[in-house]
Amino acid sequence: MFKLVRGFKDILPADTALWQHVEGIVRELLEDFGFSELRIPILEQTELFARSIGASTDIVEKEMYTFTDRGGASLTLRPEATASVVRSYIEHQLYAKDPVRKLYTIGPMFRRERPQKGRYRQFYQINAEVFGLHDPRVDAELILLLMTFIDRLELSGIMLHINSLGCPECRPRFKDALKSFLAGRSEQFCSDCLRRRHENPLRIFDCKVPACKEATMEAPSILDDLCEACRAHFENVKRSLDGFEIPYQINHRLVRGLDYYTRTTFEVLADALGAQDAVAGGGRYDGLVKALGGPDQPGVGFAIGVDRLMELLAGRAQSFQKRPHLYIAALGPNTQERAFEWVQDLRKNKVRTEMDFQDRSLKSQMRRANKLGAGYALIVGERELDEGAAVLRNMTTKEEEGIPLDDLVGLVVKKIKPSTAGSR
Ligand code: ATP
Ligand code: MG
């Protein structure tokens, strides 16, 4: 028997209604904040990710699904979306008419990490990116959007961490300070950290090895080394967040797993998730568009991990499943014939209707109506057909009433639609 590839998963019908609900909420919110959807492919040239994410990151060093295409090109399943969005912004000159662009995209990402709770090799992200604006209020507004989304999902136990990673002017200074800090402590860090310490010492803060985490506790803080412009930017982000009354924690060790970040970085953590507790992360990447061959336009964005969000919402999946409004229990071949027409007419009127195609007993049809969670059942046998009226039963209250067959569809629509509009 064939099995799923390790680290991959199916999202089953029991859960997809909840996924659709969550995606619906976020799309509406993003569009209210002025974002438009961009759909990008899941494959890109390998070099795009190597150049943007950074050669000495975990993603590029060991997690990408890279293969050689039959034509000889090196291609990679996208491990994240920002690189592709930037590629698209540049390739289609989306900046030409107006450099200010707010784009979002939803879809799967691929990383060959060790599969465990909250960590898959194919996982889903909701990404939002804003191009063309340096203003710190844009960073804060993006965080507001993210936290509003979390709020609308009625999640609790959520924390926001923020930091600033400085810019090409002040970060080198901090890198030097960090290198000196590391110089005397090589025995405390893992081989990855040691290998990267010259090129990219900030990576030690993103290392998942417990001993490395422990060893960074006394490391210097980048916030002490920010230049005046970066300091002011960070202060302004905080001021806006205060204005929105969004609580946050300053975390000077928050560097994130991608090298392109500058200035603001942030992460949303959920208590209930345990070890893999980040549900979303993001930040500013002012140098990325230019580094990938585009104009010198700044950017800021976030990525929400949908799978982890779903874990937080798991208990609610059932309440989002779509149930039929009506189940027609039709007995006898002539009645089934009529019922089949009613089903189609009712569906045209947006009444979700099901029927039995096996002409089973009333008892088994009613059992099925119950199992499907139908709101109403319409019971009609040969006798009802002769008498010209069917029985409509409210499956919750058990109340029953007669419905004349000559205007059955019209009456049922009137009866059911108002009370079920917007219901599942
Ligand atoms: P983590 O620190 O947990 O590895 P990350 O910093 O690598 O996360 P990002 O690259 O910023 O994550 O991606 C944003 C979000 O995508 C994360 O906050 C998380 O919710 C989700 N995510 C990242 N990797 C995975 C994965 N392998 N499986 C499921 N979700 C993931
Ligand atoms: Mg990671």
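1. **H6 against H10.** In this predicted model, helix H6 passes helix H10 in a right-handed crossing. H6 and H10 (residues 228–243) pack at an angle of about 40°. Their axes are 8 Å apart. Angles from 35 to 65 degrees fall in the oblique class, so H6 counts as oblique to H10.

2. **Who touches whom here.** From H6, the contact uses Pro136, Arg137, Asp139, Ala140 and Ile143. From H10 come His233, Asn236, Val237, Ser240 and Leu241. What is the chemical make-up of this contact of H6 with H10? Five residues are nonpolar, three are polar and two are charged.

3. **H1 against H6.** H6 (residues 136–152) also meets helix H1 (residues 13–32). Their axes come within 10 Å. They cross at roughly 145°. The crossing of H1 and H6 is right-handed.

4. **The residues in that contact.** H1 supplies Val22, Ile25, Val26, Glu28, Leu29 and Leu30. H6 supplies Leu145, Thr148, Phe149 and Arg152. The split is seven nonpolar, one polar and two charged. Look for Leu145 of H6 in this contact with H1, and for Ile143 of H6 in the contact with H10.

5. **Domains.** Now step back to the whole chain. Which stretches make up domain 1 and domain 2? The domain assignment gives domain 1 as 13–170 + 226–317. Domain 2 is 323–415. The centres of the two domains, taken over C-alpha atoms, are separated by 49 Å.

How values were computed
Residues numbered from 1 in each chain as written. Chains lettered and ligands numbered in written order. Predicted model: local features only at pLDDT ≥ 70, side-chain atom pairs only at ≥ 80, totals over all residues. Heavy atoms only, no water. Axes fitted to C-alpha atoms, helices over the stretch in contact; angles between N-to-C directions. Helix = DSSP H or I, 4+ residues; strand = E, 2+ residues; numbered from the N terminus. Left-handed = near helix turned anticlockwise from the far one by under 90°. Contact = heavy atoms within 4.5 Å. Nonpolar A, V, L, I, M, F, W, Y, C, P; charged D, E, K, R; others polar. Domains from an automatic or database assignment. Parallel < 35°, antiparallel > 145°, perpendicular 65-115°, else oblique.
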